[in-house]
Amino acid sequence: MRTLDHKLLRDIGSSRGQIVAIALMVACGVALFVAMLTTYQSLERSQRAYYDAARFAEVFAHATRAPRSLGPRIAAIPGIDALQMRVVADVSLDVPGRDEPATGRLVSIPERSRPPLNDLFVREGRYLQPADRTQVLVSEAFADANGLRVGSTIGAVINGRRQRLHVVGIALSPEYVYAIRGVADIWPDSARFGIIWMGEQALSAAFDMKGAFNDLAVTLTPGIDTQTVIERIDALLARYGGLGAYDRTDQPSHRYLSSELSELRVSVVMVPAIFLGIAVFLLHLLLSRQVGTQRAQIAVLKAFGYANAVIGLHYVLFGLLIVAIGAVLGIGAGLWSGWKLTHYYAVFFHFPILRYHAGIELLAATVMLVILAGVAGSLSGVRAAVMLPPAEAMRPQPPARFRPSIIERIGFRRVLSVPTRVVVRNLERAPLKALLSCTGLALGVATLVVGRSTYDALDLMLTHQFYAAEREDAVVAFDRTLPLRARWELGRLPGIIRVEPFRAVAVRLRSGHHSRRVVLIGLEDDASLRRIVDLRGRVSRPPRNGLLLTGKLAQVLGVTPGDRITLEVLEAAKPTMAARVVATVDEPIGTTAYMELGALDRLLREGPTISGAYVAADARDRNVLNAALKRLPAVAHVAFREQTIENFRSTIAEVLAISTTLLITFASVIAFGIVYNTARIALAERGRELAVMRILGFTRGEITLVLLGEQAVLTGAAIPAGLALGYAISLSLSVAYSSELYRIPATVSRATGAFALLVIAGAAFVSAFLVRRQLDSLDLVAALKIGE
Amino acid sequence: MNSTMQPQTAAPAIFHVHGVSKIYRMGEVDVRALDGVDLDLYAGEFAVLLGPSGSGKSTLLNIIGGLDAPTSGNVFFGDWELTAANDATLTRFRRKALGFVFQFYSLIPSLTARENVALVTELVDNPMTPEDALALVGLHDRLDHFPSQLSGGEQQRVAIARAVAKRPSVLLCDEPTGALDSRTGRLVLETLVHVCVDLSTTTVVITHNAVIADVADRVITMHNGRISGMRRNAIKKSPADLEW
Ligand SMILES: Nc1ncnc2c1ncn2[C@@H]1O[C@H](COP(=O)(O)OP(=O)(O)O)[C@@H](O)[C@H]1O
Ligand SMILES: [Mg+2]
């Protein structure tokens, strides 16, 4: 065994280039997997820890005005653990340095104690002091976006009266991890919507709510049926303008956050799992070929009487060493980048609590997986050699059997030069080997395609949403429903070219035991700024005789066109009715229900009313228009197109950007590892033949062509296969990526194809260069000394 | 060196080997594979390099063939100094002037006999046809056989055909019969002698088998990296008459 150990060390020394390349590939697969998975686990834990620490409520309800004396009766509902009665109101804010009006959500908090539920994390400054009624805490994202600090002053129109509020603290709340105005808004807009926490006394007084509340939050005792509690709460609040209680799934911030997290889960679990799988496959492939090149030596060892098991162990150790290097590097790099990534996301999500967690089971499972692949790869390589009768080693190995290749047999013989025939026949002699090499290279191409296609998908979503569906220059939302004629007033503002009114109403759709709170949007039949378009560009008209649902919404509710569902309007007269699903539309973003504007009015039993309008405006009059809109009292907020796009980029796009970057980096390393190793193994297998050709007078260039010609053919064949495979993986990922927040479409752009090509070509050139250097130092004399 | 070792021939020397040494550094020890070798090789002669295993024969042949560089000393091919040439020039030299035959035939397994020869003839200007070259070694009926379909002796003869097909001026053979039984070995030797005479190719054959030396014009014996003796055979035996 001692001598065999020497051999092991020497083998390792002489193929360190390959070992490094294989180990690096394994390391990348492991690192990506560990980094992404620990990030996801950590974020989930942080979220849970945050929710627990802040006592985030589980059921939420709003009413117009309910007496506080209702409190004990609510608390008496079985299953309710704790409750919080608040006054919540949206007001128009005047923020220093901001042109457009912003909306502030005033939320009452007790002056003398911390909130029993939905507690705040004070990041800067302090909590309220009972003495001063103008003290407020401001949500961090809003403060950041508007440059507000402790000591800043903001103006607010509270119940018609202008008031100055003094910022004493910057805070976070689990209720507003994402500050989303309501169901009608898809994205948080931290610049124009902020949370202002204000003393209960002050707020109740200002809104004439002394001894009353309009917002309820409760926590539940574990194991209780949420639906029954919701029904009991609804029953109690019905008399007081209750809008229908809902649980966390319909709580905008939580819904958004869990959507983001589940998005992350796909990109952090599925994709790295695929990558790790690919790395493991390649490890197996490369190791078995690497060991295969030592066939003759194995036969000699056997001839000398080494037992199969001893020889097997020898090569398994060789494989294990590579894997060990890869696993150690990978876990190290994975933990480090996972920690960084978790930090990044924690800041991004404004989590005040960070729990980095790397599960030992996860690490152990990862290590086991790669070790298994290493052992299996080495064994399958050594097996063929061990099967060989030892006598084979005693005489020069009989030349392998060859015959003219198909290409030659079908008449191309003349065309092919002799060295070219060597290339063609080598490929044909071992089709399985060629196929495996080709598969390996194709997987390399596929990882690159998958890595970058996330960008393509985002691009497509962006293009679709903002160039096909929402083509307005700005959306104007009123703070209440206005009669239809408000559109003409809008139309008279400077620079306005076109006005398309819409009605947005919060509804709950029910089908069986599935239900969702969504916004029902009424659009004019000929709307051209805001269109209902699917991903293929097919435009749907808002229906007059039923509902048009986003495909994902229909799926969540378990309905198909033709089904009837229950529609509960959560505003005004709150009618409940049956409605028919007329059609669905495959939109990539959000979950929405649509109707024709007039039909919606009739459904709501209102006259012609609107909630806002999509407008096209002359870009030159933008500032004038802005000022004019600001002066209109009914305008709650205005979202300009560029800002919305920017908003999209800085939220959804950013969540995916960093993991995509990581993915692309690792994909490139893996792709390079495959190309380089395939070439190196080919060199090991063909080295002697090439040395003989050199002796016969072939130049370095010529033998390089023979070796790399084979590689070029394999790579050439792998590229289209890899592109197709990459597309197929993207397709299956896009199914997995589908959340209620958005559906990532399967798409592979030309740029991604070109990128994959470029990386593979680059890897091929660098490998060719490195292999060429090896060929230059090919030991001609040594090649003659050995028999095989 | 005594006078009997001076060549007595009218043919010009095509190789001059001057004070060639080759030292392999193996850690602390130096292995002197060649130790100050002087040697001339003459156009058209059939020379045998005889010596025990490890005496430096292969090392010398490889240096002459431009496959290896000496530690010191010079080698000239005509007026041109091999030992001062770069790799590209050496490759051109091997391509144009040299033919090699090795103990382990070194055929390309993926090519037929014809193609193994064609591999080389495609490289030069005025070669024999592969068919002619194979006929020369008596393998006209094995043209489309792959190495795996040929016996050892046949493979070696393909290797010889491959070496001579480009009409090299020098043929270097390192233990060409080493892996063959004596009957097949005789056949291969016959081919070599035949080629040397027919094409007037300078032929150098390495062997550790003293019997084979009898077919040579000149026998150069080596010992411990030095040339220890040199003789001309008054009567050359035919390979067919050899016994070993
Ligand atoms: N690559 C090498 N490294 C070290 N020593 C070598 C090498 N090649 C040959 N030798 C040594 O040089 C000497 C001559 O070798 P060689 O020319 O092959 O002998 P032979 O006469 O059997 O052909 C031997 O002692 C051998 O051990
Ligand atoms: Mg030798």
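## Cores, sheets and loops in a predicted two-chain model

Cys438(A), with a relative accessibility of 14%, counts as buried because the limit for that class is under 20%. The model is predicted, and a search of the whole structure, over all chains, returns zero disulfides. Cys173(B) is accordingly in no disulfide, and the nearest cysteine sulfur, which belongs to Cys196(B), lies 9.7 Å away. Cys173(B) is likewise buried, its relative accessible area being 0%.

**Nonpolar cores**

The largest nonpolar core has 125 residues, and those with the most contacts inside it are Tyr178(A), Leu257(A), Phe349(A), Phe351(A) and Val370(A). Helix H2 of chain A, which spans residues 16-54, gives the most to this core, with 19 residues. The core also draws at least three residues from each of domain 1 (60-256) and domain 2 (430-469 + 642-788) of chain A. Once residues up to four places away in sequence are set aside, Val370(A) touches Val26(A), Val30(A), Leu276(A), Val280(A), Leu283(A), Val323(A) and Ala327(A). A second, separate core of 37 residues includes Val164(B), Cys173(B), Leu180(B) and Val195(B).

**Strand pairing in chain A**

In chain A, an open sheet is formed by four strands in the order E2-E10-E1-E11, with antiparallel pairing. Its edge strands, each of which pairs on one side only, are E2 (80-86) and E11 (246-247) of chain A. Between E2(A) and strand E10 of chain A (residues 212-220) there are six bridges in the antiparallel sense, and the bridge partner of Arg86(A) in E10(A) is Asp215(A). Helix H6 of chain A (residues 226-237) packs on this sheet, where it touches strand E1 (59-67), E2, E10 and E11 of chain A, and its direction makes about 10 degrees with that of E1(A).

Strand E9 of chain A (residues 193-199) is largely enclosed by the rest of the structure, because seven of its seven residues are buried. Seven bridges join E9(A) to strand E4 of chain A (residues 102-109), and the two run parallel; Ile109(A) stands opposite Gly199(A) in E9(A). Strand E6 of chain A (residues 135-139) pairs with E9(A) in the antiparallel sense over three bridges, with Met198(A) in E9(A) as the bridge partner of Val136(A).

**Sheet and helix in chain B**

Chain B has an open sheet of four strands in the order E2-E1-E4-E5, again with antiparallel pairing. Strand E2 (29-42) and strand E5 (80-81) of chain B are the edge strands, each pairing on one side only. Strand E1 of chain B (residues 13-26) pairs with E2(B) in the antiparallel sense over ten bridges, and Met26(B) stands opposite Val29(B) in E2(B).

Helix H1 of chain B (residues 57-64) is largely enclosed by the rest of the structure, since seven of its eight residues are buried. The buried residues of H1(B) are Lys57(B), Thr59(B), Leu60(B), Leu61(B), Asn62(B), Ile63(B) and Ile64(B). H1(B) is followed by Gly66(B), whose phi is positive, near 75 degrees.

**Loop residues of chain B**

Most residues other than glycine have a negative phi. Arg167(B), although not a glycine, has a positive phi of about 50 degrees, and Glu175(B), also not a glycine, has a positive phi of about 50 degrees. The loop that holds Arg167(B) lies between helix H5 (152-164) and strand E7 (170-174) of chain B, whereas the loop that holds Glu175(B) lies between E7 and helix H6 (182-199) of chain B. Ala213(B) has its place in the loop between strand E8 (202-207) and strand E9 (218-223) of chain B.

| Loop residue | Relative accessibility | Class |
|---|---|---|
| Arg167(B) | 42% | partly exposed |
| Glu175(B) | 13% | buried |
| Ala213(B) | 0% | buried |

Ala213(B) and Val48(B) are 165 residues apart in sequence, yet their C-alpha atoms are 5.8 Å apart in space. Leaving out residues up to four places away in sequence, Ala213(B) touches Val48(B), Leu50(B), Val219(B), Arg231(B) and Asn233(B).

Methods: Residues numbered from 1 in each chain as written. Chains lettered and ligands numbered in written order. Predicted model: local features only at pLDDT ≥ 70, side-chain atom pairs only at ≥ 80, totals over all residues. Heavy atoms only, no water. Pairing = 2+ DSSP bridges. Buried < 20%, exposed > 50% of the residue type's maximum accessible area, 1.4 Å probe, protein only. Core = buried A, V, L, I, M, F, W, Y, C linked by side-chain atoms within 4.5 Å. Domains from an automatic or database assignment. Contact = heavy atoms within 4.5 Å. Disulfide = S-S within 2.5 Å. Axes fitted to C-alpha atoms, helices over the stretch in contact; angles between N-to-C directions.
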